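Here are some short exercises to work through with the structure open beside you. Try each task before reading its solution.

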Amino acid sequence: MLPHLSSTQSLMHTCLLKSLLFPLAHPPNFVSYKYGIRTTINKAASQPTTNTIVQMESHSHDSQKLRFDFLQLLHSRRSANVPLSVEIGKPVADPLYQDNTLPKTRSEAMESCPKVVIKNFKELLKEENLYLITESGEQGRLPVLIMSMKENEERRPAIVFLHSTNKCKEWLRPLLEAYASRGYVAVAIDSRYHGERAGNKTTYRDALISSWKRGDTMPFIYDTVWDLIKLADYLTQREDVDPTRIGITGESLGGMHAWFAAFAEPRYSVVVPIIGVQGFRWAIDNDKWQARVDSIRPLFEEAQKDLGKSAIDKEVVEKVWDRIAPFLASSFDSPYTIPAIAPRPLLIVNGAEDPRCPLEGLEIPRLRASNGYADAHCLHKFKLIAQPGIGHQMTALMVKEASDWFDKFLKH
């Protein structure tokens, strides 16, 4: 008799069996969706029509198929599977920040997060440091930081917070403390090759270049998503967490992690990617890829040399994405994976002038997601906010909007 499996474990078990019987090296080059671009949405309908029900079932089937393909891709580049286990850790005295990242002593945006004033807050705050073993190998040891209030014994909503490039989980302490004061179990991790998973100030950069040359890992977005699926397994087993109320958010690279983790793992029930959602294919086709390339430029310079190019061009960009994050600019791009999050509450927060996440590149994902949420009669669960005059920067307004969104959909 099989042991009890979580929903994701069951799906992964099915994926593994199918991959053994019917090997599939890659997901399809293109996944067709029924949602085209429509200029009007009927918000007045109070009851789903037969046609709407068929549309919703079609969307659900498409999303499940796309998710299945993505999970197969994740599984294809894993080291040996090991049982999920937990090791106790200790607070990090000297967090590692990579490359030329020189963090300030505080983040004004994160410090602005709404909090509850509690007498003797520091004494009542519970901090846990631990490691989840998500697969074999050095990077399969996932560092986790959890903050909550000691005197609350009830099952509470939890939120996972994800840091940006070259930072680490300790950078997120102001958010963790603020949400803990408001009754959440606040969770942060070090993404792959960051924080405690980095040996020096170039570990992440080196991992990206190694992935380009060898094609055996997926350090840009995908490998951390595997860890976040395993983190969901762990959080749903905790006695202080309501397994039906787990949110996820992140900034920049962390916003991409939140986006893809929510697409891959339905147990993340409320989603807020901050300055992280973009159209990768749109950027290539419209010559708007430069700012994203500049954020991890050494990788693309190495690819340029290997391809014998005199300069980084869109061919280099496309080949890099295909190598280090397969189908990122096709089947798994935002026009397909963002609508797949429906009908779970989704707030996308970007800067209107963000060159890494150009607003124009989100028009098709926004329209397709709006259609999906409208068909599910929950258009109020989807929102895209583009803050005027803001580039690639998390602001106090974004932090407040995220906080309100989580309170609205997780505090029930």
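**Exercise 1: a pair across the chain**

With a relative accessibility of 4%, Glu135 counts as buried (under 20% relative accessible area is buried, over 50% exposed, in between partly exposed, with a 1.4 Å probe and protein chains only). Before going on, note that this is a predicted model, where local features need pLDDT of at least 70 and side-chain atom pairs count only at pLDDT 80 or more, while totals for chains, interfaces and linings use all residues. Residues are numbered from 1 along each chain as its sequence is written, and side-chain values use heavy atoms, leaving out hydrogens and water.

Task: find which residue forms a salt bridge with Glu135.

Solution:
- Step 1. Recall that a salt bridge is a side-chain nitrogen of Lys or Arg within 4 Å of a carboxyl oxygen of Asp or Glu.
- Step 2. The partner is Arg192, with the closest N and O atoms 2.6 Å apart.
- Step 3. Glu135 lies in the loop between strands S2 (125-133) and S3 (141-149), and Arg192 in the loop between strand S5 (185-189) and helix H6 (203-214), so the pair links distant parts of the chain, 57 residues apart (helices, H or I of at least four residues, and strands, E of at least two, are DSSP runs numbered from the N terminus).
- Step 4. Arg192 is buried too, at 4% relative accessible area.
- Step 5. Both residues belong to a network of salt bridges that also links Arg78, Arg197, Asp223 and Asp227.

**Exercise 2: buried or partly exposed?**

Task: classify Lys169 and Glu196 by accessibility, then look at how their side chains meet.

Solution:
- Step 1. Lys169 is buried because its relative accessibility is 0%.
- Step 2. Glu196, at 32%, is partly exposed.
- Step 3. Their side chains form a salt bridge, 2.6 Å from N to O.

**Exercise 3: one turn along a helix**

Task: work out how Asp404 and Lys400 are placed in helix H15 (residues 396-410).

Solution:
- Step 1. The two are 4 residues apart, so about one helical turn separates them.
- Step 2. They form a salt bridge, with the closest N and O atoms 2.7 Å apart.
- Step 3. Asp404 is partly exposed at 35% relative accessibility, and Lys400 is partly exposed at 38%.

**Wrapping up**

Task: how many salt bridges does the structure hold?

Solution: the structure holds 33.
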